[in-house]
Amino acid sequence: MSDKKIIAVVGATGAQGGSLCRAILDDSNSEYACRAITRDPNKDSARALADKGAEVVQADLDDMDSLTHAFTDVYGAYCVTNFWEHFSAEKEKEQARNMADAARAIGMNHVIWSTLEDTRKFMAADDTRMPMLQDNYRVPHFDAKAEANSYFENVPTTFLVTSFYWDNLYSFGLAPKKGDNGNYSWTFPMGEAKLAGIAAEDIGKAAYGLFKTGRTYVGRTVAIASEFLTIEEMGQQISEVFGIPPIAYNAVSADTYRTFDFPGADEMGNMFQVYRDFENSVTRLRDSKLARKLNPQMLTFRDFLEKYKGQIPL
């Protein structure tokens, strides 16, 4: 590993971090080595990365000392937070600040910060079409990341804006459900708007593509998506790939969705409403052509369904 540039990958056992680790480790000609950062090096997913050749190092995003140790002697780092572990925008910002401060202290060459846009910029503060959450945010897991961008000042950073994971079909239970009558349906407050989507594995591969360009994108925002599809279009492809009857789409209001009985329903209701009401702003920001340039193996939605058919509960 000593003759390669080390990339420290935060969240190495998660969706984004794990996919970047695998992209590095699967490239036998890579000039980079993978340092997989995780809170628990003994978990099965961490051991699997070690078996593939990763250097697994323990660190906690709430502990600056552990992060500074984990970042020592690295060329670059992939920094990501997981709002869904704690549902706190303030905690997400604190963790981002810790990573930025540790990267600055080390004098890192290139950081990629996984971020999202500030949805509060889409509407006035007194706009009542969607509620404020956690006092200060429209979509906390978007807005907190956007606020945290400023923490990476004076750190050579590429700001990677991601998109809706298609993996949420199985990881968040968002796949269509089969009713007692044998028919399938699903419910979203998306109307006829197109959803910017991507496979989680392709975020890591695109990040690897950014690292391989050197410092070309340092100081720049790169926003990626694979495809922009309506819920009806997604349902049609699911029906075709799985060989099931047409999927009924219940296009409920965002207000209705926010009342659903699952953790984060208000957050996700606001998120989908942003995707719907500000479709042009969301899709215009994201560049699918650049995403495919960074990751020529980018999956289409149909590709994703074929590849992960066994994990999607239909």
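These questions and answers look at a helix pair and two cysteines in a predicted model.

Visitor: What makes α1 oblique to α7?

Guide: Start with the angle. The axes of α1 (residues 15-25) and α7 (residues 200-212) cross at roughly 55°. Angles under 35 degrees count as roughly parallel, and 65 to 115 as roughly perpendicular. The crossing fits neither range, so α1 is oblique to α7.

Visitor: Which hand does the crossing have, and within what distance do the axes come?

Guide: α1 passes α7 in a right-handed crossing. The two axes come within 7 Å.

Visitor: Which residues make the contact?

Guide: From α1, they include Ser-19, Leu-20 and Ile-24. From α7, Ile-203, Tyr-208 and Phe-211 are among them. By class, the contact has nine nonpolar, three polar and two charged residues.

Visitor: How many disulfides does the structure hold?

Guide: Zero. Take Cys-21. The nearest cysteine sulfur is that of Cys-34, 3.3 Å away. A disulfide needs two cysteine sulfur atoms within 2.5 Å, so a pair 3.3 Å apart does not count. Cys-21 is therefore in no disulfide.

Visitor: What about Cys-34?

Guide: Cys-34 is in no disulfide either. For Cys-34, the nearest cysteine sulfur is that of Cys-21, at 3.3 Å.

Visitor: Why is Cys-21 called buried or exposed?

Guide: Buried means under 20% relative accessible area. Cys-21 has 0% relative accessibility, so Cys-21 counts as buried.

Visitor: And Cys-34: buried or exposed?

Guide: The relative accessible area of Cys-34 is 1%. That is under the 20% cut-off, so Cys-34 is buried.

Technical notes: Residues are numbered from 1 along each chain as its sequence is written. This is a predicted model: local features need pLDDT of at least 70, side-chain atom pairs count only at pLDDT 80 or more; totals for chains, interfaces and linings use all residues. Side-chain values use heavy atoms; hydrogens and water are left out. Axes are lines fitted to C-alpha atoms, for helices over the stretch in contact, and angles run from 0 to 180 degrees between N-to-C directions. Helices (H or I, at least four residues) and strands (E, at least two) are DSSP runs, numbered from the N terminus. Angles under 35 degrees count as roughly parallel, over 145 as roughly antiparallel, 65 to 115 as roughly perpendicular and the rest as oblique. A crossing is left-handed if the near helix is turned anticlockwise from the far one by less than a right angle, and right-handed if clockwise. Contact means heavy atoms within 4.5 Å. Ala, Val, Leu, Ile, Met, Phe, Trp, Tyr, Cys and Pro count as nonpolar, Asp, Glu, Lys and Arg as charged, and the others, Gly among them, as polar. Buried means under 20% relative accessible area, exposed over 50%, partly exposed in between (1.4 Å probe, protein chains only).
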